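Visitor: I would like a quick tour of this protein. Where should we begin?

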Amino acid sequence: MPHLHIKEFKQIDLPQEIDGVKFNFLADNATRDDEQLISTTVDGEKFFLLVKEDEDRVLLKTDKLTRPASISIVHKALLAYAKGAKLDVLASNVVERKNIHLEESTALKKIEYFAKEFPKDREVRIEVGFGSGRHLLHQAANNPDVLFIGIEIHRPSIEQVLKQAVIQKLDNLLVLDYDARLFLELVPSNLVGAVYVHFPVPWDKKPHRRVISTAFIEECRRALKVGGTLELRTDSENYYAYSYETFIAFPKTTLLINKNKDIAVSSKYEDRWKKMEKNIYDVIMTNDEESEPLSIEGSFEFDEVKLSNEELISLHGTTKRFESGFIHFERVYKTDEGVMLRTSMGSFDRPEHLYVIVRGTSAEYYPELPLRSKANLRAHQYLNEVLNG
């Protein structure tokens, strides 16, 4: 990811705008003195720059939780702060030269794009963890009337697909850097033609992190239209066995199992595994039933905060558990106007990481609201009770 190694961090007067970049406020870690966050706005998008001190130098980069979709925005923000603060840069992978194809791309979206109004004017197909993007790009090119949504967290893979989408002039492809398990919770019912999960990480030592789970299959069944499919492709014997048992545990299911079946396009890893004579398994579930429309009720508004700043700071490192979920207060920051909490909250197997700014008796999520899911709404209700004392 883009970053600057600097000799010494220097603060600027805030708020301030430099070369079209707005720097809004500074948040200091309340329990350690080697970390700060700078609230930043570029082209209407809010995020944090992270200042991380080391023994002999300081790292300036984007905060992972609020990282913008566009890499060019990150570059612009880092260069603007370095210029305004007159930083002594020791090393950098930030360049002013722009990648033409990435600049032209509009396919990369943030989760709010889908949460605000999910595109449903045509059939949707979703690929979870598209990797090199060969399969995703092939499908999009050969099915121009279908909207393809590719979900991936590996930035180099995302950039490669965005470039190819521009080069191939694909206007039916959107890309998202997000947890696919959470994303499925906001997909409208009976809309999706196919969900592809090709060669997911096996997570043999941490099976709870696997994409395929009872909850994930349930969300896919709801989102899939009648006749739609959830398609797993894996080279892992363990993952195949685990997934088959998870699928077959449903009272009613239609499955198709293939072994070493060739498909129209394969990844470079699949080509390698075939040369190694590894077995490739397909588990394809077909949805046979229409689901009820998606309905999620609730609000992310806060009541009056009754905890003092000192009590808020004391939440650092604590965990509050409730039925089916939890809230963990990962870090606490001080701002000029109050306290900011970094939380991990929601369900145990797919929590969301969020910032909450408290100013006096009022609180708000920053820079944006949580994903509107049942688990997050339950967690918000409990968080509201905690802050209410």
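Guide: Begin with Ala 91, which is partly exposed at a relative accessible area of 30%. Partly exposed lies between buried, under 20% relative accessible area, and exposed, over 50%, with a 1.4 Å probe and protein chains only. The model is predicted: local features need pLDDT of at least 70, side-chain atom pairs count only at pLDDT 80 or more, and totals for chains, interfaces and linings use all residues. Residues are numbered from 1 along each chain as its sequence is written, and side-chain values use heavy atoms, with hydrogens and water left out.

Visitor: In which strand is Ala 91?
Guide: Strands are DSSP runs of E with at least two residues; helices are runs of H or I with at least four, and both are numbered from the N terminus. Residues 89-92 form one such strand, and Ala 91 is in it. The strand is β7.

Visitor: Which residues does Ala 91 touch, not counting those up to four places away in sequence?
Guide: Contact means heavy atoms within 4.5 Å. Arg 122 is 31 residues from Ala 91 in sequence, yet 47 Å away in space, C-alpha to C-alpha. The residues that Ala 91 touches are His 3, Leu 4 and His 5.

Visitor: How does the radius of gyration of the protein sit against the globule rule?
Guide: The protein has 11 helices and 20 strands. Its radius of gyration, taken over C-alpha atoms, is 23 Å. The rule is 2.2 Å times the number of residues to the power 0.38. For 389 residues that gives 21 Å, which is close, so the protein is as compact as a globular protein of that length.

Visitor: What percentage of the residues count as buried?
Guide: The C-alpha trace spans about 60 × 50 × 40 Å along its principal axes. Among contacts between residues at least 6 apart in sequence, 67% join residues at least 24 apart. Of the 389 residues, the buried share is 51%.

Visitor: Which residues have the most contacts inside the largest nonpolar core?
Guide: A nonpolar core is a set of buried Ala, Val, Leu, Ile, Met, Phe, Trp, Tyr and Cys residues joined through side-chain atoms within 4.5 Å. The largest one has 37 residues. Helix α7 (residues 214-223) supplies its largest share, 4 residues. The residues with the most contacts inside the core are Phe 183, Phe 216 and Leu 230.

Visitor: How many residues does the other core have?
Guide: This core lies apart from the largest one. Among its members are Ile 12, Val 21, Val 51 and Val 58. Its size is 25 residues.

Visitor: What covers the buried residues of α7?
Guide: In α7, 7 of the 10 residues are buried, so the helix is mostly covered. Phe 216 and Ile 217 are among the buried ones, and so are the charged-type residues Glu 219, Arg 221 and Arg 222. The cover includes β9 (124-128), α6, β12, β13, α8 and β15 (281-286).

Visitor: Is Arg 233 buried or exposed?
Guide: Arg 233 is in strand β13 (residues 224-234). Leaving aside neighbours within four places, its contacts include Glu 270, Tyr 281 and Asp 282. At a relative accessible area of 1%, Arg 233 is buried.

Visitor: Which residues are in contact with Lys 252, leaving aside neighbours within four places in sequence?
Guide: Lys 252 lies in the loop between α8 (237-248) and β14 (254-259). Its C-alpha is 63 Å from that of Leu 87, 165 residues away along the chain. The contacts of Lys 252 are Arg 221 and Glu 289.

Visitor: Where is Pro 367, which a cis peptide bond joins to Tyr 366?
Guide: Most peptide bonds are trans. Here omega is about 5°. Pro 367 is in the loop between β20 (362-366) and α11 (374-387).

Visitor: Which residue shares a cis peptide bond with Pro 15?
Guide: Pro 15 is in the loop between β1 (3-6) and β2 (16-18). The bond has omega near 0°. The partner is Leu 14.

Visitor: What is the phi of Asn 190?
Guide: Most residues other than glycine have a negative phi. Asn 190 lies in the loop between α6 (180-183) and β12 (192-198). It is partly exposed, at 23% relative accessibility. Its phi is positive, about 60°.
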